[in-house]
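Reader: Could you walk me through this model, taking one piece at a time? I'll interrupt with questions as we go.

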Amino acid sequence: MATLREILAERLAHALAAAGFSDAPAEIAPASDARFGDYQANAAMILAKKNRANPRQIASEIIQHLDVAGISDPPEIAGAGFINFRLRPGFLARQAGHLASDDRLGRTPAAQPQRIILDFSAPNVAKPMHVGHIRSTILGDSLARIARFLGHEVISDNHIGDWGTQFGKVIYGWKHFLNPEALETDAIGELVRLYREVNALEATDETVKKTAREELVKLQQGDPENHAIWLRAVELSWREFQKLYDLLDIHFDERLGESFYNSALGPLCEKLAAAGLAEVSEGALCLFFRDIPALADKPAIIRKSDGGFLYATTDLATIEHRVQRWDPSAIWYVVGAPQALHFQQIFAAARKMGVTADLRHIVFGSILGEDRKIMRTRSGENVGLAEVLREAIERARVLVTEKNPDLPAEEREEIARIIGLGAVKYAELSQNRLTDYVFSWDKMLSFQGNTAPYLQNAYVRIRSIFRKLEGGFDGKAPVQIESPAERALAVKLLQFAETVPLVLEDFRPNLLANYLYELADTFHGFYEACPVLKSEGATRASRLVLCDITARTLSKGLGLLGIRCPEKM
RNA sequence: GCAGCCGUAGCUCAAUUGGAUAGAGCAUCUGACUACGGAUCAGAAGGUUAGGGGUUCGACUCCCUUCGGCUGCACCA
C-alpha cells in the first residue's frame, strides 16, 4: 500500500511532466503547520530558482495539471509558492481502513532489499559492560530491527574485544592468586580484580612485569595452558554479557571477536605489502593515504616494528572476511565518535583493497551525568550497565507498586522489567544520536512528556477499552471520520509507514520515537474528545478500529525500538 | 598547533536535510473533571538559534570568521 506521501508525489510527478517541468523533483513534505493542510509541495520554488521565474506563476501552472480529485481538496498556492494539500476525510477513512487488516501497518518492504552487516555493542572481555556500551548496543539493536522490518537482510555481529595485551596480566594473576569461588559467582569481577592486582604489582616489581609480558607472548604463540585460561576467561565473560543481552532482548547472528582474525593478520599484511599498498616506515608496516588531504599525514599502522599487529589490522581483516563470506552491500559500525579517525583510515584502506560495500561509521555522543560531565560513579569509575538496568527495574517496580498494588507480585515484576528497560532504551533512542545527553532517572521514568512510560500508558489505556468491551470487536468495520480528533488520528496513523524508512536515511531512531510520541499525544486528544464505549453503532465500531490500529502501531513502533508494551501497568 | 563533532526557551531535547510566524516536554501560571486507566486534556508565558559577516525569493540548516565545549592526531584497543 502506498503512503499518503507517495500517492501525492505520484500525482505531482504527473502534473510536473504535463506542465513541462519533468526535471523537477516530485517531492512532497508534511505541512510545516496544520493551518496549511496536511502536505505541501515546494517544487514550484525550486523550479523558479532554476529557471529564474516567478514561483507563484509556476505553482499555478503545476496546479492546472494536478489531478487529486477524491484525495485532496483543490490544492492551494500560498506564501512564496507553496502548494498545499488538505486530504479529504473520505479518502483518509478509506486509507486508514486498510491499516486495520495489515500487520505491517501500511509499510511495504523495500523494493531493493540489501544485505547489511551491523557491527555493534562489542564489549571487552574481562571488563564489565558499562553505560558507554548502552548507546552502541541499543542503537545497533534498534537499527537491526528497523532494517529487518523494511525487508533488508541484516547480519548482526558482536565484534567483542577478546584479544589484547591485558591477557598477559590476567593470566599472570590467574596463575598466582585466582579465587575460584569468586570466579564462579562473579567472573568478570574476579577477572578485573586479577588485572588490577597485577597492574599494581607491576608498578613496584619488575619481575612481575616481565613475567606477565612473557605470559602474553606464550599465549600468542599458542601455549596450551595459557590458551585454555584465555578461552575460559572469554567464555565466562561472554556468559555474563549474555545475561544482559537476554535481559535487554538483544540477539546477535554472529559473535566473531578479534581473536577470530588472528591467523588472518599476517597474511593480510603480506598481501598488502606485496600489492604495494602498504609500505614500511620507521620499521612499521603502514598504509598511507596521500591522495586524501585529511589523512595525508595520518598513516594507519598495520604491523608494528616489533612484528605485532594492531586493531587497524584486525578491523581490515574483519572487512575482508565479511566481504568474502557475505558480499554485503553495506557494513554499519555503531561506535562512538572518538574513533572517527580510525574508521576514516580503515574505510580508505578498504577502498584501496577494492571493497565496494557502503561502509558507514554510525557515530554517537557521550552519556553525561547530571553534572554535565561524562557519567562516572562517585569513585570515578565507569557506571556498570548491569547496575543501571537493575536500578531502572527497581525504580519501575516502586512506581508500579504505588499505582497498582493489587497486581500479583509476579505480574508486577514482569511489568517493572518492561517499563524499566523500556525507559532506559527510550531515553537513548528518543534523542539525536550525535548529541551528548544527560542521564536522568527521574526524566526517563516520568509518565509525562516524551518517555517510554507515557507511550506504554497510551497502549495500556487502549487495551483497557478492549477488556471492557462487550459484544466483540469487528476489525473490518469501516472507519468514519466525523470530528477533527478522528481526522488527526487517522492522518497520524497513516504516517507510520512513511516515518520508519526515514530512520535509515541517517540512522536516527529518534525520528521514529518522535513520531510515536506525537501519535500517543494525538491519540490522547482523540480519547478526550471521542468517547468510544459510550458511542453507538457505526461510530463506535469505527472508533474501536481506530483504537485497535493505534495500539498496534504503538506496539509495533516501540517494538522496532526494542521496547515492549505491557497490557497493564 | 592541525582536524572532526557540537553550541537552539531557565532545564532536557526537536526541527523530515534550504521552506511559511523555530516546535515539544519538564519546571512556572490558569482552567477542565468523581473520569472508556487523571499515569489525562485545554490554555498562558518563555527565543537576536553562542557573536559577527556572506550566499538567495527564503538560513538553526550552506560558506567565511570570532568565541566557548568535547574528541582525535605513528607503533593501546
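Reader: Which residue of E11 is the bridge partner of Trp332?
Author: In this predicted model, the bridge partner of Trp332 in E11 is Arg360. Strand E10 (residues 330-334) and E11 run parallel and are joined by 5 bridges; strands here are DSSP runs of at least two residues, helices (H or I) of at least four, both numbered from the N terminus, and two strands pair if DSSP finds at least two bridges between them.

Reader: And what's the order of the strands in that sheet?
Author: The order is E6-E5-E10-E11, an open sheet of 4 strands with parallel pairing. E6 and strand E11 (358-362) each have a single partner strand, so one side of each is left without a neighbour in the sheet.

Reader: Which strands does helix H12 touch?
Author: Helix H12 (residues 311-326) packs on the sheet and touches E5, E6, E10 and E11, where contact means heavy atoms within 4.5 Å. The direction of H12 makes about 150° with that of E5; such angles run from 0 to 180 degrees between N-to-C directions, with axes fitted as lines to C-alpha atoms, for helices over the stretch in contact.

Reader: Switching to His159: is it buried or exposed?
Author: His159 counts as buried because its relative accessibility is 8%; buried means under 20% relative accessible area, exposed over 50% and partly exposed in between, with a 1.4 Å probe and protein chains only. His159 is in the loop between strand E6 (153-157) and helix H6 (166-177).

Reader: What does the side chain of His159 reach?
Author: The His159 side chain reaches the backbone oxygen of Leu256 at 3.2 Å. Leaving out residues up to four places away in sequence, the residues that His159 touches include Asp119, Tyr261, Asp315 and Arg322.

Reader: Now the RNA: which residues come nearest to strand B?
Author: Of the 69 residues around RNA strand B, those that come nearest are Lys304, Lys403, Asn432, Arg461 and Arg508, a residue being near if one of its heavy atoms lies within 4 Å. Of the RNA strand B atoms within 4 Å of the protein, 53% belong to sugar or phosphate and the rest to bases.

Reader: Anything I should know about how these values were obtained?
Author: Residues are numbered from 1 along each chain as its sequence is written, and chains are lettered from A and ligands numbered from 1 in the order in which they are written. Local features need pLDDT of at least 70 and side-chain atom pairs count only at pLDDT 80 or more, while totals for chains, interfaces and linings use all residues, and side-chain values use heavy atoms, leaving out hydrogens and water.

Technical notes. Polar contact = N/O pair within 3.5 Å; in protein donor to acceptor, adjacent residues only side chain to side chain.
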